[in-house]
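Biologist: I should like to learn how to read the two sides of a helix and its surroundings in a model. Could you guide me through one example?

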Amino acid sequence: MAEEVALRLVVDADLDVLFDLMRDSESVQMAAFTAKDPDDRQAFDVHMAKVRNSPDVTMRAVTRDGDLVGSIASFVMDGDLELTYWIDRSVWGRGIATRALALLLDLVVARPVYARAASDNGGSLRVLHKAGFVAIGTEISYASARDAEIEETVLRLG
């Protein structure tokens, strides 16, 4: 039986779980472009309050069979609509990010939409390609999780 993946509004009770997910060291290294200090709860809370109240952000909790397993959001950056997601490492490789992204793209119909991923993050790049995103270039950017400049792939849908 397939797992049910759904999106719902992020509620205050989700914040402890999301904070823990977003500071998992292996996930942080893979994502590369993360908070300067993933263990800084105060900075996390300030950021979450800002994005949850911004009219330019559509943020949702990702659930699998009713359990919180991550978050996904679209936001405006420098005039472009972009998206981001974070999925619990314990459920990687099960199609959850792919299904969550499809659900968000049904909800956020504006196009084009852009995404970025560390060029060595094969999992994220596969998820984005499955959703129809096409790589349009690469950039060298500072990745706080790796304390280095690395290549990131820029992708576009629509």
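Modeller: This model is predicted. Let us begin with helix α5, residues 122–130, whose buried residues are Ser124, Leu125, Val127 and Leu128.

Biologist: Why do the buried residues lie on the same side of α5?

Modeller: The general idea comes first. An α-helix has 3.6 residues a turn, so residues three or four places apart point the same way. In the present case, the buried residues cover an arc of only 160° around the axis, which puts them on the same side of α5. On the other side of α5, Arg126 and Lys130 are exposed.

Biologist: Against which elements do the buried residues of α5 pack?

Modeller: Their packing partners are β4 (80–87), α4 (96–107), β5 (113–118) and β7 (148–157).

Biologist: Is β5, one of these partners, mostly covered or mostly open, and how does β5 pair with β7?

Modeller: In general, the side chains of a regular strand alternate between the two faces of the sheet. Here β5 is mostly covered, with 5 of its 6 residues buried. β5 and β7 pair in the antiparallel sense over 6 bridges. Within β7, Glu152 is the bridge partner of Ala118.

Biologist: What phi does Gly132 take, just after α5?

Modeller: Gly132 takes a positive phi of about 100°.

Biologist: Which residues does UniProt list for the domain?

Modeller: An unreviewed UniProt entry lists residues 5–158 as "domain: N-acetyltransferase". In the model, this span is 31% helix and 37% strand, and its end C-alpha atoms lie 24 Å apart.

Notes. Residues are numbered from 1 along each chain as its sequence is written. This is a predicted model: local features need pLDDT of at least 70, side-chain atom pairs count only at pLDDT 80 or more; totals for chains, interfaces and linings use all residues. Side-chain values use heavy atoms; hydrogens and water are left out. Buried means under 20% relative accessible area, exposed over 50%, partly exposed in between (1.4 Å probe, protein chains only). Helices (H or I, at least four residues) and strands (E, at least two) are DSSP runs, numbered from the N terminus. The arc is that of the directions from the helix axis to the C-beta atoms. Contact means heavy atoms within 4.5 Å. UniProt positions are given in the numbering used here, feature names are shortened, and annotations may be inferred rather than shown by experiment. Two strands pair if DSSP finds at least two bridges between them.
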